[in-house]
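Here's a walk through the charge pairs, surface patches and a few other features of a two-chain model. Have the sequence and the 3D view open as you read.

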Amino acid sequence: MNVLIYLIPIALFMGGVGLAAFIWSLKSGQYDDLEGAAWRILQDDDTPKP
Amino acid sequence: MTLPCCTLDGEYFQPFKLEGEDAARWISSAGPGLKRIEFLVPQANRPEAMAHIETDLGALAGVTSARLNLTGRRVAVVYEEGAIEPQALIDRLGFLGYMARPFDPRETGLTKDDKENAKLLRALAVAGFAASNVMLLSVSVWSGAEGATRDLFHWLSAMIALPAVAYAGRPFFYSAVNALRLGRVNMDVPISLGVLLASFMSLFETINGEAHAYFDASVTLLFFLLAGRYLDHLMRARARSAIAQLVSLSAEGATLIEADGSRRYVPARDLKAGMVVAVAAGDRLPADGLIREGTSDMDRSLLTGETAPETVKPGALVHAGEMNVTAPITVEITAAGNDTFLSELVRLMASAEQGQSRYIRIADRLARFYSPAVHTLAAVTLIGWMLLGNGWHDSIMAAIAVLIITCPCALGLAVPAVQVVASGKLFRSGVMIKDGAALEKLAGVDTVIFDKTGTLTKGEPALVSPLMVSTDTLALAAGLAQASKHPLSRALVREVAKRGLQPVTVSDVAEHPGLGLSGTYAGEQLRLGNRAWCGMEESGEDLGLLEFAFRRGAKPAVLFQFEDQLRPDAATTIAELKQMGLAVHLLSGDREAAVTRVADTVGIDTAVSRASPQAKLAYVDALSKAGRHVLMVGDGINDAPALAAGYTSMAPATASDIGRTAAETVWMGESAAAVARAIKVSRRTQRIAKENFALAVGYNVFAVPLAMVGFVSPLVAAVAMSTSSIIVIANALRVGLGRTSGPSSARVDGDQQTGRNALKDAA
């Protein structure tokens with residue numbers, strides 16, 4: 001059962017990383033334009049700018 | 001002076017003007033030497049617009065970045081201070097075919113919505129994090145962890161769950177405290193009580209090293225409930241941001257004439273009585289006033305519902321919101337700001353809103369019975385266990401288990417889940433509902449009152465007679481009409497364009513206010529205007545049609561007749577509404593002949609004409625007093641008080657700003673079928689919401705006895721609550737199934753229409 005000493009912190013840490021990543025994505029405005037994001041991936045942005 | 005721009009649809013508009021000191025409020029700082037400004041671009045509704053706008057603006061010298069938000073139709077531009085002027089950006093967007101208006105998120109209350117949104121999402125994320133981790137630990141306990149290991153797991157759960165409850169539970173705690181302070185009970189009271197008691201009891205049990213802790217229940221509960229709360233909020237925010245985009249694109253201001261004759265532009269809010277302003281043809285009046293110089297025609301359709309413009313002479317009283325059609329005039333302001341006819345209507349509207357009894361949402365109505373019932377059951381359990389000779393500890397445990405199991409998790413989801421699916425479905429077909437209460441009220445209406453001009457009709461006249469007219473005559477008449485902003489002239493030009501003809505260029509065109517237009521072509525005099533102007537005899541009969549006579553040289557005059565065309569599907573919608581058992585009335589400010597004509601065509605029996613805004617309000621009030629649930633459908637400034645007084649209200653996207661703000665539901669697109677569709681979907685929504693309540697209450701009927709006799713372990717509670725929530729969500733998704741009546745392209749049509757309306761305002 002001693003392995004729990006490692007496993008529990010690891011589990012919590014990984015959960016925490018997920019939470020932090022979500023809050024970061026929220027703060028950086030990634031949920032502001034859900035419709036645009038769906039289309040943006042289809043955009044050919046490799047054409048040279050005029 | 002920039003040239004008018006042309007949109008993708010081929011219509012002209014005047015680009016927005018950023019005026020001096022006013023410009024500063026749109027611009028914010030974005031780092032050293034960088035400025036940021038946002039524009040509203042209603043026409044950027046297609047994905048192609050992203051690449052189009054972003055690459056083009058991005059290539060301008062001085063622009064650091066340009067990004068289009070397709071959901072909000074806003075462009076955020078970051079530029080180097082001094083390297084480029086914001087006006088140049090507006091002009092460039094205009095050149096690309098997008099009408100742009102600087103956008104201040106503060107003015108529409110969008111930031112408040114966005115903040116609230118982010119707060120709920122963060123709480124949801126925290127609750128989700130806690131729920132998943134605590135559940136992991138709980139599953140270990142259920143699968144047989146004992147002794148010190150179990151205690152360790154409980155302590156770990158407590159350390160995760162308690163802060164999470166304190167953080168994520170705040171929306172419910174605040175709302176519950178507010179309700180209790182007002183002496184009311186809402187759903188958040190049993191929610192807060194359940195969550196808090198579960199947490200504290202579990203902490204107590206953990207300290208004493210007991211077997212049962214309900215930490216997982218309290219955080220999963222919060223997670224599900226926050227999901228419901230977020231959905232409810234998302235629905236409101238979506239409709240609000242869409243409606244905010246419809247805000248008139250015209251600059252609110254006027255050209256002030258100083259005593260020394262010099263002219264300068266002032267924002268409308270700085271106007272005061274006694275000032276003299278110049279109003280160009282095609283501009284809306286910024287304030288009430290008396291005409292000093294100039295004779296013109298006034299388009300009062302937004303104020304009175306009348307389509308035919310009225311001739312005004314010096315000395316005549318004109319009101320804010322009217323459009324000057326024919327000739328430039330100067331107006332001495334008699335009332336500005338809070339003293340205008342418009343603000344009188346706003347006051348009327350506010351009092352109409354106050355007079356309306358507060359609508360109580362279906363979930364809150366249920367909460368009135370639910371909370372006392374649940375709390376009584378818990379008390380009964382406590383007393384029962386005590387009487388049966390069990391100790392304090394076990395009795396309190398059983399009572400708290402009852403509170404946990406009845407915590408209205410499924411009830412909290414029952415309504416928002418259904419409503420968000422329904423409003424999403426309506427949104428896609430172009431109907432925007434401002435909040436869940438509006439959807440509930442829509443299901444309960446029994447009377448529909450329509451306004452005529454702009455609501456049942458398109459609000460723009462179209463040529464109906466003569467259909468057989470020589471192309472020469474039409475092209476010549478259109479050549480004259482081109483010079484005028486009179487609604488009938490514009491209708492004539494539209495008709496000619498529709499038939500694929502080119503208006504003939506006419507020389508010496510002059511506009512004579514109150515009479516018509518004159519010009520010369522190939523040595524012959526041309527006249528277009530009222531009957532007297534073209535030497536025709538007046539006819540005594542009023543058919544409710546608008547007329548324009550046209551005379552070429554000495555030939556007999558031709559009479560063009562126009563009619564305000566009905567919206568597509570108007571008649572079928574009325575028939576459908578009647579079939580649904582609703583009473584339909586027509587309430588218009590227009591002349592009797594025109595109103596009767598429309599009422600007959602669409603099949604409305606009860607029609608009232610020449611109704612002033614006050615009369616409309618009184619009509620709606622009288623029906624409400626008689627116990628009817630009135631849906632008021634209107635668009636004009638004159639409808640606003642009636643819209644506010646109705647049980648609920650709808651307005652087309654082409655409505656006046658004030659009408660759109662007053663209405664609880666706004667629909668895009670030309671077709672009137674949206675009215676019937678909205679009512680149908682809302683009725684279906686209400687039915688499924690009630691089913692959901694039945695499911696949730698049924699679950700309680702089954703689970704509460706188990707809790708009262710003490711069979712509910714944390715495992716049973718977790719399984720029961722999750723299952724009931726999932727069943728309720730699955731049932732809610734049924735609203736989205738089934739045929740969506742109406743064209744799937746409605747939204748695109750609607751957007752184009754919005755753009756055109758905005759153009760009209762801006763032109």
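B:E495 is buried, because its relative accessibility is just 8% (buried means under 20% relative accessible area, exposed over 50%, partly exposed in between, with a 1.4 Å probe and protein chains only). Its side chain meets that of B:R499 in a salt bridge, 2.8 Å from N to O. B:R499 itself comes out as partly exposed, since its relative accessibility is 33%. A salt bridge here is a side-chain nitrogen of Lys or Arg within 4 Å of a carboxyl oxygen of Asp or Glu.

A word on the ground rules: this is a predicted model, where local features need pLDDT of at least 70 and side-chain atom pairs count only at pLDDT 80 or more, while totals for chains, interfaces and linings use all residues. Residues are numbered from 1 along each chain as its sequence is written, chains are lettered from A and ligands numbered from 1 in the order in which they are written, and side-chain values use heavy atoms, with hydrogens and water left out.

**Salt bridges**

Side chains of opposite charge can pair when their charged atoms come close. Searching the whole structure turns up 25 salt bridges over all chains. Here are three of them.

| Pair | Closest N to O distance |
|---|---|
| B:E495 and B:R499 | 2.8 Å |
| A:R40 and B:E54 | 3.0 Å |
| B:E440 and B:R361 | 3.4 Å |

The A:R40 and B:E54 pair crosses between chains, going from helix 2 (residues 34–40) of chain A to helix 1 (residues 48–58) of chain B. Both A:R40 and B:E54 are buried. Helices (H or I, at least four residues) and strands (E, at least two) are DSSP runs, numbered from the N terminus.

B:E440 and B:R361 sit 79 residues apart, so to speak in distant parts of the chain: B:E440 is in helix 14 (residues 436–443) of chain B, and B:R361 is in the loop between helix 10 (341–355) and helix 11 (362–387) of chain B. B:E440 counts as buried because its relative accessibility is 2%, whereas B:R361, at 21%, counts as partly exposed.

There's also a network of salt bridges linking B:R36, B:E38 and B:R74.

**Chain A and its nonpolar patch**

Chain A has two helices and zero strands. Of its 50 residues, 16% are buried. Chain A exposes about 4100 Å², with carbon and sulfur atoms supplying 69% of that; accessible areas come from the Shrake-Rupley method with a 1.4 Å probe, and for residues only the protein chains shown count as cover.

A nonpolar surface patch of about 860 Å² includes A:V3, A:I5, A:L7 and A:F13. Patches are made of residues with over 30% relative accessible area and no salt bridge, with like charges joined within 9 Å and nonpolar side chains (Val, Leu, Ile, Met, Phe, Trp, Tyr) within 5 Å. A:L7 lies in helix 1 (residues 4–27) of chain A and is partly exposed, at 46% relative accessibility.

**Elsewhere in chain B**

Which helix holds B:F427? B:F427 is in helix 13 (residues 409–428) of chain B, and it is buried, with a relative accessible area of 17%. B:F427 and B:W667 are 240 residues apart in sequence, yet 8.7 Å apart in space, C-alpha to C-alpha.
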